[in-house]
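Hi everyone, thanks for making the time. I'd like to walk you through one structure today, so please have the viewer open and follow along as I go.

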Amino acid sequence: MRSFTVYAIFLIAILPRLFLQGHSLSPFSSALETLQKQLGYTFKSTSLLRRAMTHASFSEENNKAFSIFGATIIETSVSFNLLSKDVDVSAKELNRRISLISNVDSSCAVDAMRLSLHKVVRVSPKTNSSSPSVLCGAFRSIFGAIALDAENSDDAGKVFLTVHGRDFGVSMAM
Ligand SMILES: *[C@@H]1O[C@H](CO)[C@@H](O)[C@H](O)[C@H]1NC(C)=O
């Protein structure tokens with residue numbers, strides 16, 4: 001009887017708390033673990049990745065600003081990658097690559113789906129987590145979050161190039 005009471009207390013009082021606070025137990029936390037493996041980057045502060053995976057429809061604490069930051073990191077890494085290979089690249093070509101990489105439907109939403117972000121990002125019940133704008137916001141936010149975590153935006157740019165593929169657009173240009 002006594003052990004039953006202890007067990008019941010555990011189930012009622014402690015288990016839900018473990019579920020909310022524990023890292024390995026909540027589905028969201030385990031999705032974040034998997035995502036870090038896919039990215040090849042382990043966060044020192046997982047709260048940054050949690051925020052990156054939180055859409056504005058879900059809470060006040062969300063990824064809107066991270067996503068703007070992440071978009072500039074992506075543009076910087078694309079520019080750096082291209083110019084470091086060919087210093088004579090034309091402004092037109094550089095702009096073309098930047099607009100390719102910034103295209104919501106053909107670029108970031110595709111990368112995001114490859115990482116299954118639609119299954120990770122937290123949205124309100126009315127919001128479609130597979131919509132390109134939600135996917136791109138989450139995808140771009142990852143790089144803002146990495147830059148903040150690493151205190152260095154170069155690391156975030158490198159993770160982007162690895163995830164997206166370094167030779168993006170090359171076959172199309174040839
Ligand atoms: C969510 O968005 C995706 C991509 O735009 C679309 O294919 C899907 O049908 C949408 N789902 C719902 C329930 O609206």
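**A walk through the helices**

Let's start with burial: of the 174 residues in this protein, 28% count as buried. Please keep in mind that this is a predicted model. The secondary structure amounts to 9 helices and 0 strands, so if you read from the N terminus, the elements go α-α-α-α-α-α-α-α-α. As for contacts between residues at least 6 apart in sequence, 62% of them join residues at least 24 apart.

Now, please find helix 7, residues 132-150. How far apart should the ends of helix 7 be, at 1.5 Å a residue? Its 19 residues should span 27 Å, and the end C-alpha atoms are indeed 27 Å apart, which agrees. Is helix 7 enclosed or open? Because 15 of its 19 residues are buried, helix 7 is largely enclosed by the rest of the structure.

Next, bring in helix 4, residues 64-85. Helix 4 packs against helix 7 at an angle of about 80°, and their axes are 6 Å apart. An angle from 65 to 115 degrees counts as roughly perpendicular, and therefore that is how helix 4 and helix 7 sit relative to each other. If you'd like to colour the contact, on the helix 4 side pick Phe66, Ser67, Phe69, Gly70, Ala71, Ile73 and Ile74. On the helix 7 side, pick Gly137, Arg140, Ser141, Ile142, Phe143, Gly144, Ala145 and Ala147. Sorted by class, this contact of helix 4 with helix 7 has 9 nonpolar, 5 polar and 1 charged residues.

On to the core. A general reminder first: in soluble globular proteins, nonpolar side chains tend to be buried together. Here, the largest nonpolar core has 30 residues, and the ones touching the most other members are Ala52, Ala112, Leu135, Ala138, Phe139, Phe143 and Ile146. Which elements give two or more residues to this core? They are helix 3 (46-52), helix 4, helix 6 (104-114), helix 7 and helix 8. Helix 7 provides the largest share of the core, with 10 residues.

Let's zoom in on alanine 112 for a moment. Setting aside its neighbours within four places in sequence, alanine 112 is in contact with Leu117, Leu135, Cys136, Ala138 and Phe139.

I also have two backbone spots for the torsion fans among us. Serine 116 is in the loop between helix 6 and helix 7, and has a positive phi of about 55° although it is not a glycine. Serine 116 counts as partly exposed because it has 13 C-beta neighbours inside 10 Å. The other spot is glutamate 151, in the loop between helix 7 and helix 8. Glutamate 151 comes just after helix 7 and takes a positive phi of about 55°. Is glutamate 151 buried or exposed? With 8 other C-beta atoms within 10 Å, glutamate 151 is exposed.

Last stop: leucine 161, in helix 8, residues 153-164. Why does leucine 161 count as partly exposed? The reason is its count of 16 C-beta neighbours inside 10 Å, since a residue needs 20 or more to be buried and 12 or fewer to be exposed. Try drawing a distance from leucine 161 to serine 77: the two are 84 residues apart along the chain, and their C-alpha atoms are separated by 7.4 Å.

That's the tour, and I'm happy to take questions.

Terms used. Residues are numbered from 1 along each chain as its sequence is written. This is a predicted model: local features need pLDDT of at least 70, side-chain atom pairs count only at pLDDT 80 or more; totals for chains, interfaces and linings use all residues. Helices (H or I, at least four residues) and strands (E, at least two) are DSSP runs, numbered from the N terminus. Two residues are in contact if their C-beta atoms, placed from the backbone, lie within 7 Å. The expected span of a helix is 1.5 Å times one less than its number of residues. Axes are lines fitted to C-alpha atoms, for helices over the stretch in contact, and angles run from 0 to 180 degrees between N-to-C directions. Angles under 35 degrees count as roughly parallel, over 145 as roughly antiparallel, 65 to 115 as roughly perpendicular and the rest as oblique. Ala, Val, Leu, Ile, Met, Phe, Trp, Tyr, Cys and Pro count as nonpolar, Asp, Glu, Lys and Arg as charged, and the others, Gly among them, as polar. A nonpolar core is a set of buried Ala, Val, Leu, Ile, Met, Phe, Trp, Tyr and Cys residues joined through C-beta atoms within 7 Å.
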